[in-house]
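User: I am new to reading protein models. Please pick one side chain, look closely at its surroundings, and then work outward to the rest of the fold.

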Amino acid sequence: MNAPRTSPVPVGAELVTNDLDASRTFYRELLGWTYTPSADGCAASADGLPAAVLRSGPAPARWWTLFGSADVPAVEAAAARAGARVTGDEVHDPLGGRFRLRAGLTPVIPGPGRPCWYEYMTTDPDAADRFHADALGLRADLPPGAPDDSYALLTADGVPVAGRLATPPPLDTLLPAGWMLYLAVADPDDIAERAPEQGGRLLVPPRDVVTGRVCAIADPGGAVFTVIRPAGG
């Protein structure tokens with residue numbers, strides 16, 4: 001395995017959209033985000049803490065999971081050896097997923113309205129697990145008591161940092177392959193009801209899973225994300 005010695009991990013998220021005004025309005029009304037302008041977009045906050053970055057870019061809109069690394073060149077080289085295409089800070093894996101890789105990122109603190117989990121959606125879990133091990137040094141471990149390998153925890157030095165889900169029908173046609181952003185909320189059912197009123201689309205209605213209660217939404221630009229009330233929360 002040609003992996004960097006220090007595994008990069010997800011630390012935040014960035015929305016790229018061709019309609020910043022519509023995106024700002026959508027997330028402000030849905031999650032209560034406030035914004036600080038930047039040169040090419042804005043920084044979003046929830047309850048006074050950093051939540052995400054919104055940047056202007058080409059359609060369709062997309063949420064990018066941000067990976068932080070102390071040695072970006074080593075990770076880029078390992079990803080390329082594992083079959084990825086690296087363009088700037090973008091890493092496009094051979095399964096159709098993509099993420100952004102940067103140094104010096106401050107991890108977002110999980111909490112209401114902020115990223116709390118990151119999950120790789122795929123119809124080829126074996127290939128995904130090999131790529132994440134070879135490119136990122138992340139090991140796929142089954143949760144205790146798991147009945148099968150449809151869901152795995154991606155761990156760095158034994159610590160879970162993300163998940164990998166083998167998407168079953170019909171989720172494989174409803175949700176894009178690759179990295180899914182999870183935003184913590186108090187009431188996913190309320191979010192599911194209000195998102196269409198703000199121009200979004202409900203892709204997966206609220207349901208209970210092992211990790212909590214979730215629903216998947218597309219924002220007005222088409223960027224897909226999941227909201228979750230974590231189990232026990």
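Analyst: **One side chain and its surroundings**

Leave aside the neighbours within four places in sequence, and Arg114 is in contact with Ala46, Asp47, Leu49, Pro50, Ala51, Val108, Ile109, Tyr182, Leu183 and Ala184. Keep in mind that this is a predicted model. Arg114 sits in the loop between strand 8 (98–102) and strand 9 (115–122).

Is Arg114 buried or exposed? Arg114 is buried, yet it has no salt bridge. The nearest side chain of opposite charge belongs to Asp47, 4.4 Å away. A salt bridge must fall within 4 Å, so this pair does not qualify. The arginine side chain does find a polar partner. It reaches the backbone oxygen of Ile109 at 2.7 Å.

Now turn to Asp47 itself. Asp47 lies in the loop between strand 3 (41–46) and strand 4. Its relative accessibility is 66%, so Asp47 counts as exposed. Its backbone also stands out: phi is positive, about 55°, although Asp47 is not a glycine.

Asp157 gives a second case. Asp157 also has a positive phi of about 55° without being a glycine. It is found in the loop between strand 11 (151–156) and strand 12. Asp157 is exposed, with a relative accessible area of 76%.

Go back to the contact list of Arg114. Leu183 is one of its members. Leu183 is also in contact with Leu31, as are Val185 and Ile191. Leu31 leads us to the nonpolar interior. Which residues touch the most other members of the largest nonpolar core? They are Tyr27, Leu31, Trp33, Trp63, Phe99, Trp179 and Phe225, out of 47 residues in that core. Helix 1 (residues 20–31) gives the most to this core, with 5 residues. Another core lies apart from it, with 14 residues, among them Met180, Leu203, Val204 and Ile228. In soluble globular proteins, nonpolar side chains tend to be buried together.

Next comes helix 2 (residues 72–81). Its buried residues include Val72, Val75, Ala78 and Ala79. Look down the helix axis. The buried residues fall within an arc of 130°, so they line one face of helix 2. The face turned away from that buried side carries the exposed residues Pro73 and Arg81. What covers the buried residues? The cover includes strand 7 (90–92), strand 8 and helix 3 (125–136). Strand 8 has appeared before: it comes ahead of the loop that holds Arg114.

Check both ends of helix 2 as well. At its start, a side-chain oxygen of Asp71 reaches to within 3.2 Å of the backbone nitrogen of Ala74. After the helix comes Gly83, whose phi is positive, near 105°.

Finish with two peptide bonds. The bond from Ala59 to Pro60 is cis, with omega near -5°. Pro60 is placed in the loop between strand 4 (49–56) and strand 5 (62–68). The bond from Pro169 to Pro170 is also cis, with omega near 0°. Pro170 belongs to the loop between strand 12 (159–166) and helix 4 (171–174).

To recap the starting point: Arg114 is buried without a salt bridge, and its side chain reaches the backbone oxygen of Ile109.

Terms used: Residues numbered from 1 in each chain as written. Predicted model: local features only at pLDDT ≥ 70, side-chain atom pairs only at ≥ 80, totals over all residues. Heavy atoms only, no water. Helix = DSSP H or I, 4+ residues; strand = E, 2+ residues; numbered from the N terminus. Buried < 20%, exposed > 50% of the residue type's maximum accessible area, 1.4 Å probe, protein only. Lys, Arg positive; Asp, Glu negative; His and termini not counted. Polar contact = N/O pair within 3.5 Å; in protein donor to acceptor, adjacent residues only side chain to side chain. Contact = heavy atoms within 4.5 Å. Core = buried A, V, L, I, M, F, W, Y, C linked by side-chain atoms within 4.5 Å. Arc of directions from axis to C-beta.
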